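Please open the model in your viewer and keep the selection tool at hand, since each stop on this tour begins with something to select.

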Amino acid sequence: MSVDQVSAIVDSVQTSVPNPTRAYAAPTAKARLAPFSIQRRQLHDHDVLIEIQYCGVCHSDIHQARDEWGEAIFPMVPGHEIVGVVKAVGSKVSKFKVGDRAGVGCFVDSCRRCSECRSGLEQYCSVRTSWTYNGREQDETPTLGGYSERIVVDENYVLRMPTNLPADASAPLLCAGITLYSPLKHWHAGPGKKVSIVGLGGLGHMGVKLAHALGAEVTVLSQSLRKQEDGKRLGADHFYATSDPETFTKLERHFDLIVSTVAAQMDMGAYLKLLKVDGAMVLVGLPEEDNAVPAGTLVMGRRSLAGSAIGGIRETQEMLDFCGQHNIVSDIELIPIQKINEAYERVLKSDVRYRFVIDIASLRKESL
Ligand code: NAP
Ligand code: ZN
Ligand code: ZN
């Protein structure tokens, strides 16, 4: 056997991707998720093969599996809070090696040429952000997410996970974490700033931890006082119930920044009045129906209303490193994949403290 033949065999061993790959999928909108078999692509030069260990369950998984945002692609394998171990790398990969802990968030590619991509805002790519699932690769192939055994992603869209943090509890940083970190940084949450987080769910509880670590004075606005003790433990200085009308009189003109994670109808005027002059309210929650915005409340206080989506690769890495330094992870409930439909129902009832994470080892019980 020639040297070339031997090295070809070695290459094929290092870069071959085992298929079929076990997964859980929603076959159609609103159907229960069930075992499903998928194919992952063989490695391109810059691809990384990640054996998935854990995947967080985001409320967006539910919106999309139920086609609440429209134009969903089925069968759908959700999951965009992915943590695992690198098992193989393409021939030109320089950022990862076999054995590294790696993460994948909400997108796996983008055009790489537009001004947004070039400035590290790949999530706002003007051509196409390739969402991790319910999206399309740049070559049109539909994407399939993290409720699966393994995934193949270009190294430039893979994150380095802090190894001092537990792998399971760090999975939600990849969506819930960055979705709150990005607006908190952009609107300068820090010492001397009064910040409110609306809704103490998966996103909200990360917002409390991050805003506290950034040095802001943090207030939770929750539907009731049921989660008050948790809120304080997570780092909130104050906690109010939005079901109590006094909350809205007491806190008038109080905040520099309000970040709303709520995915339901809300009285925008009531919340905007809680902002100081020049304060900003940033929406990250995505309700099915739009909320009416009272112009007068914005005008009479030079207040801003804005939105924010996750974060780019550079900022996501910055957030992960920040969490590594500050020992910040998500509060999780680890579940086997067989409990996913039940978990969705519990998220809808706000009955999770504060993020479900799927133990992907449980997938291996399913037959191929
Ligand atoms: P979640 O865990 O269900 O948390 C949402 C929280 O909102 C609940 O815990 C609850 O907090 C509050 N809430 C629920 N129903 C409400 C109602 N009817 N009125 C007022 N408050 C209500 O969901 P999540 O995973 O954090 O996601 C939240 C939203 O953000 C979803 O729409 C999701 O699709 C979206 N999202 C956006 C981005 C982005 O990039 N912008 C990224 C990820 C997710 P309390 O019990 O404290 O009231
Ligand atoms: Zn998400
Ligand atoms: Zn682009």
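**First stop: ligand 1**

Select ligand 1 together with the 28 residues around it, among which His59, Leu200, Ser222, Lys227 and Arg355 come nearest. Bear in mind throughout that this is a predicted model, and that every distance and angle quoted on the tour is therefore a value computed from predicted coordinates.

Turn next to the polar contacts of the ligand. Show the side chain of His59, where an N or O atom is 2.7 Å from an oxygen atom of ligand 1. Then switch to the backbone: a polar backbone atom of Val284 is 2.9 Å from a nitrogen atom of ligand 1, and at Ser308 a polar backbone atom is likewise 2.9 Å from a nitrogen atom of the ligand. If you now display the surface, you can judge how the ligand is enclosed, for the protein covers 87% of the 930 Å² of accessible area that ligand 1 has on its own.

Which helices should be coloured at this point, as suppliers of at least two residues each to the shell around ligand 1? They are helix 2, residues 59-65, and helix 6, residues 202-213; helix 2 gives the most, with three residues. Colouring the shell by residue class will show 13 nonpolar, 13 polar and two charged residues.

**Second stop: the cavity**

Leave the ligand and select Gly105, Cys106, Phe107, Tyr157, Leu159, Leu174, Ile178, Ile310, Gly311, Ile313 and Thr316, which line the largest cavity. A search of the whole structure finds one cavity of 30 Å³ or more, and the volume of the largest cavity is about 50 Å³. Its lining consists of eight nonpolar and three polar residues, with no charged residue among them.

**Third stop: an aromatic pair**

Keep Phe107 selected, as one of the residues lining that cavity, and add Trp131. The whole structure contains four aromatic pairs according to the search, and here the ring centres of Phe107 and Trp131 lie 6.5 Å apart with their planes at 85 degrees, so the pair is edge-to-face. Because Phe107 belongs to strand 6 (residues 107-109) and Trp131 to strand 7 (residues 130-131), the pair ties together parts that are 24 residues apart in sequence.

**Fourth stop: the second largest pocket**

Now select Arg41, Glu137, Asp139, Thr141 and Val152, which, of the 21 residues lining the second largest pocket, lie nearest its centre. About 400 Å³ of space lies in this pocket. Strand 6 and strand 8 (150-154) are the elements that give two or more residues to its lining, and strand 8 gives the most, with four residues. By class, the lining of this pocket has six nonpolar, seven polar and eight charged residues.

**Last stop: the backbone**

Finally, hide the surfaces and look at the backbone geometry. Most residues other than glycine have a negative phi, and most peptide bonds are trans. Where, against that background, are the cis peptide bonds to visit? One joins Asn19 and Pro20, with omega about -5 degrees, and Pro20 has its place in the loop between helix 1 (3-15) and strand 1 (21-25). Another runs from Phe74 to Pro75, with omega near -5 degrees, and Pro75 lies in the loop between helix 2 and strand 4 (82-89). To end the tour, select Asn134, which has a positive phi of about 55 degrees although it is not a glycine; Asn134 is found in the loop between strand 7 and strand 8.

Notes:
Residues are numbered from 1 along each chain as its sequence is written. Chains are lettered from A and ligands numbered from 1 in the order in which they are written. This is a predicted model: local features need pLDDT of at least 70, side-chain atom pairs count only at pLDDT 80 or more; totals for chains, interfaces and linings use all residues. Side-chain values use heavy atoms; hydrogens and water are left out. A residue is near a molecule or strand if one of its heavy atoms lies within 4 Å of it. A polar contact is a pair of N or O atoms within 3.5 Å; within protein, one must be able to donate a hydrogen and the other to accept it, and residues adjacent in sequence count only if both atoms are side-chain atoms. Accessible areas come from the Shrake-Rupley method with a 1.4 Å probe; for residues, only the protein chains shown count as cover. Ala, Val, Leu, Ile, Met, Phe, Trp, Tyr, Cys and Pro count as nonpolar, Asp, Glu, Lys and Arg as charged, and the others, Gly among them, as polar. On a 1 Å grid over the protein atoms alone, a cavity is a set of points where a 1.4 Å probe fits but cannot get out, and a pocket is an open set with protein on both sides within 12 Å along at least five of seven lines; lining residues have an atom within 4 Å of a point. Grid points are joined across faces, edges and corners, and a volume is the space filled by probe spheres set on the points. Rings of Phe, Tyr and Trp (its six-membered ring) pair if their centres lie within 6.5 Å; planes under 30 degrees apart count as stacked, over 60 as edge-to-face and the rest as tilted.
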